[in-house]
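Dear colleague,

Please find below the structure that I am handing over to you. My account of what was found in it follows directly after.

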Amino acid sequence: MTKFTDLGLAEPIERALAAKGYEQPTPIQLQAIPVLMQRRDLCGIAQTGTGKTAAFALPSLHHLAADLKRPIPASCRMLVLAPTRELASQIAVSFRDYAKFLRLSVDTVFGGVPIGRQIKSLSRGIDILIATPGRLLDLIDQSALNLRNVEIFVLDEADQMLDLGFIHALKRIDKLLPKKRQSLFFSATMPKTIAELGDRFLTDPVRVSVTPPATTAERVDQYVTYVNQTEKQALLTLTLKNENIERALIFTRTKHGADRVVKHLNAAGVGAEAIHGNKSQPQRERALSLFRSGSIKFLVATDIAARGIDVSGVSHVFNFELPNVAEQYVHRIGRTARAGATGIAMSYVAEDERAYLRGIEKLTKVRLTPVPLPADFLDQARSLPKPAQAKPTAQRRHDEARGRPAQGAGAGAADGERPRRPFRPSRKPGSVGSHKGAVRKAGGR
Ligand code: AMP
């Protein structure tokens, strides 16, 4: 069996891996590291949680450390592009861990925080820079950074980059990079548009894939409960209150929806925080660190904020609302079952979300196991406390003035959707597992 020590990585890197307790490379690492050690370009299809960060970080650190250079002001030797701030921070943490016995500098630049400090730290020159595309271009436009000295370029989570509308930024960045460089391209899914984007950045790449495109994370048990939109909040609150759930991420489709879920949970005495694009960077970091440290067990997130969050021990992912893009479901449930653990994904599906569910089942080729509502659900739901009525926020007034209905927990429709008709789930005795049983399966791990 191949060990890290068989891969020819520099000794300080091996030492750092031993300090982290990594013994064996994961499949993506086994495939990618030997290729990258030969300085080939690489196009990798890998789901979240497969260990792809180390797959690109370790051989890159090896090359940079073998050829230590004095930093050139306003430039970097390695550039990693990530779609979100959280992912960029997380990649930086991994790089710092793996490079802790090397003399290489690692820094991040992303939006939402003052640019001044970033300009100052770039002025000295950085070995490894991890950036989101928008802020990177701002810094380039302000002459705080140039990409002329990039030796290794990594584009991580390429599919999400496109979803977030970064295509023009990426094309601009491509033109600013030197032709002679090593390029790495990672995506969880590889539809045609992403492959075309890859062609732009890569030269004769080696292709590696640890799972076929859009295969649902293998170790996740996936369940669905058919429930009225108006009853979802009560179901979630009761489930989180009554079941022994280690740590759960709850996905909503909208930012207001996330806030509303948190308010209801808090009113019922269930500690939770929200993380989404309307939160300031310090708020997002605080929520994430409370979740990471276990001070709160439940984090309610929109897709963008949750991208790439790597928190160990996420036992459950709840889809309070299904994503309308099926690939996003794969990313969401990939938040659990990371690094070899098992996990549970529970989706709450209202009648008008059934088309999304069909799309997800078609893409993943997995049929979600139906779980009925708890037997005395309605009685229990009635006894739940409601949060105090808050004054509408400026954003909410703005949304409502533009004809967008209020949405989220108890209110009904999500942005731009028609109000839902009342809907009763079918409860065929014996045809499905019990609600408690399904939720507990992971809770008792
Ligand atoms: P990633 O897919 O890069 O986000 O990695 C997912 C998780 O796996 C992270 O928590 C890593 O620290 C962990 N990890 C990566 N490689 C290994 C390995 N070879 N052995 C054990 N854990 C690993």
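I begin with a single residue, Lys 263. With a relative accessibility of 43%, Lys 263 counts as partly exposed, because that value lies between the limits of 20% for buried and 50% for exposed. The residue belongs to helix H11, which covers residues 255-267. In sequence, Lys 263 and Ala 388 are 125 residues apart, yet their C-alpha atoms are 8.7 Å apart in space. Please bear in mind throughout that this is a predicted model.

The chain as a whole

The chain has 445 residues, and 56% of them are buried. Its secondary structure consists of 18 helices and 14 strands. Of the contacts between residues at least 6 apart in sequence, 77% link residues that are at least 24 apart. The accessible surface of the chain amounts to about 19,400 Å², and carbon and sulfur atoms account for 51% of it.

The structure contains 0 disulfides. Two cysteines may still be mentioned for their burial. Cys 43 counts as buried because its relative accessibility is 5%, and Cys 76 counts as buried at 1%.

The seven-stranded sheet

An open sheet is formed by 7 strands in the order E10-E11-E9-E12-E13-E8-E14, with parallel pairing. Strands E10 (272-275) and E14 (369-370) stand at its edges; each has a single partner strand, so one side of each is left without a neighbour in the sheet. As a general point, the strands of a sheet pair through backbone hydrogen bonds, either parallel or antiparallel.

Strand E9 deserves a closer description. Strand E9 (residues 248-251) is joined to strand E11 (residues 298-301) by 4 bridges, and the two run parallel. Across this pairing, Ala 248 stands opposite Phe 298, and Ile 250 stands opposite Val 300. Another 4 bridges join E9 to strand E12 (residues 316-319), again in parallel. Here Phe 251 has Asn 319 of E12 opposite it. As for the side chains of E9, Ala 248 and Ile 250 point one way while Leu 249 and Phe 251 point the other way, and all are buried.

Asn 319 leads on to Ser 347, since the side chains of these two residues make a polar contact at 2.9 Å. Ser 347 lies in strand E13, residues 343-349. Is Ser 347 buried or exposed? Ser 347 counts as buried, because its relative accessibility is 0%. Apart from neighbours within four places in sequence, the residues in contact with Ser 347 are Tyr 223, Val 224, Thr 225, Asn 319, Leu 322, Tyr 329 and Leu 368.

Strands E1 and E7

Strand E1 (residues 42-45) runs parallel to E7, and 4 bridges join the two. Within this pairing, Cys 43 stands opposite Arg 207. Along strand E7 (residues 206-209) the side chains alternate: Val 206 and Val 208 are buried and point to one face, whereas Arg 207 and Ser 209 point to the other and are not buried.

The surroundings of Leu 136

Leu 136 is placed in helix H6, residues 133-141. Its relative accessibility of 0% is the reason why Leu 136 counts as buried. Not counting residues up to four places away in sequence, Leu 136 touches Leu 79, Leu 81, Val 109, Leu 129, Ala 131, Leu 145, Leu 147 and Ile 173. For the last of these, Ile 173, the separation from Leu 136 is 37 residues in sequence and 8.8 Å between C-alpha atoms.

The ligand

Which residues are the closest to the ligand? There are 14 residues around the ligand, and the closest are Tyr 22, Gln 29, Gly 51, Thr 53 and Asp 310. In the side chain of Thr 53, an N or O atom is 2.7 Å from an oxygen atom of the ligand. A polar backbone atom of Lys 52 is 3.2 Å from an oxygen atom of the ligand. Gln 24 has a backbone N or O atom that lies 2.9 Å from a nitrogen atom of the ligand. The ligand exposes 500 Å² when taken alone, and the protein buries 79% of that area.

With kind regards

Definitions and conventions: Residues numbered from 1 in each chain as written. Predicted model: local features only at pLDDT ≥ 70, side-chain atom pairs only at ≥ 80, totals over all residues. Heavy atoms only, no water. Disulfide = S-S within 2.5 Å. Buried < 20%, exposed > 50% of the residue type's maximum accessible area, 1.4 Å probe, protein only. Contact = heavy atoms within 4.5 Å. Areas by Shrake-Rupley, 256 points an atom, 1.4 Å probe, with all protein chains shown as cover. Pairing = 2+ DSSP bridges. Near = heavy atom within 4 Å. Polar contact = N/O pair within 3.5 Å; in protein donor to acceptor, adjacent residues only side chain to side chain.
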